[in-house]
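These notes are meant to be read beside the sequence and the model. Please keep both open while going through the points.

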Amino acid sequence: MRLILSSWYLRPGQRPPLLRRDGGRGRVGIVLNALDQFGASRDRDLPREIYTLERLGYIGEELDLRDYFEDRFRLRVRLRDFDLVWGMGGNSFVLARAMTQSGF
């Protein structure tokens, strides 16, 4: 699995050789926790990220680290489902908190 932490300036379509998947479709977990304080942004940004990553050969779904604050083992098991984890930009301190609390 590869972990990609993005910022607004690094869009997936700008670096296709790095992300493009040849052959079958890979699975990507999209971490939006850097946007936790911006509630509506999560709803707006997730479909855009799924669409962008699908064009590169991935099936995307949200991986919300808050779901694993109480059970870090479940996160380790869940991560096995993904070929790539795509971390959205936003508030890096909020993302770091979610990563720490989930055991990411």
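1. Start with Asp36, which is buried, with a relative accessible area of 15%. Buried means under 20% relative accessible area, exposed over 50%, and partly exposed in between, using a 1.4 Å probe and protein chains only. Asp36 sits in the loop between β2 and α2. Apart from neighbours within four places in sequence, Asp36 is in contact with Arg42, Arg66, Val94 and Arg97; contact means heavy atoms within 4.5 Å.

2. A word on what is being read. This is a predicted model, in which local features need pLDDT of at least 70, side-chain atom pairs count only at pLDDT 80 or more, and totals for chains, interfaces and linings use all residues. Residues are numbered from 1 along each chain as its sequence is written, and side-chain values use heavy atoms, with hydrogens and water left out.

3. On confidence: pLDDT is the predictor's confidence in each residue, from 0 to 100. The chain has a mean pLDDT of 83, and 77% of its residues reach 70 or more. Among the elements, helix α1 (residues 16-19) has the lowest mean, 56, and helix α3 (residues 72-79) the highest, 95. Where pLDDT is low, the predicted coordinates should not be read in detail.

4. On the overall layout: the chain has four helices and four strands, in the order β-α-β-α-β-α-β-α from the N terminus. Helices (H or I, at least four residues) and strands (E, at least two) are DSSP runs, numbered from the N terminus. Of the 104 residues, 42% count as buried.

5. Which strand is largely enclosed by the rest of the structure? It is β2 (residues 26-31), because five of its six residues are buried. β2 pairs in the parallel sense with β3 (residues 58-62) over five bridges; two strands pair if DSSP finds at least two bridges between them. In this pairing, Gly26 stands opposite Tyr58 in β3. The route from β2 to β3 passes through helix α2 (residues 40-54), and this β-α-β crossover is right-handed: with the strands pointing away from the viewer, the path from the first strand over the helix to the second runs clockwise.

6. β2 also runs parallel to β4 (residues 84-87), joined to it by four bridges. Here Val28 stands opposite Leu84 in β4.

7. Leu32 is placed in the loop between β2 and α2. Leu32 counts as buried because its relative accessibility is 0%. Leaving aside neighbours within four places in sequence, Leu32 is in contact with Arg42, Leu46, Glu62 and Met88. The C-alpha atoms of Leu32 and Leu63 are separated by 7.6 Å, although the two residues are 31 residues apart along the chain.

8. In helix α4 (residues 92-102), which side do the buried residues Val94, Leu95, Ala98 and Ser102 take? They lie on the same side of α4, because they cover an arc of only 100° around the axis, taken from the directions from the helix axis to the C-beta atoms. The face turned away from this buried side carries the exposed residues Ser92, Phe93 and Thr100.

9. The two ends of α4 also deserve a look. At its start, a side-chain oxygen of Asn91 comes to within 2.9 Å of the backbone nitrogen of Phe93. After α4 comes Gly103, which has a positive phi, near 85°.

Terms used: Polar contact = N/O pair within 3.5 Å; in protein donor to acceptor, adjacent residues only side chain to side chain.
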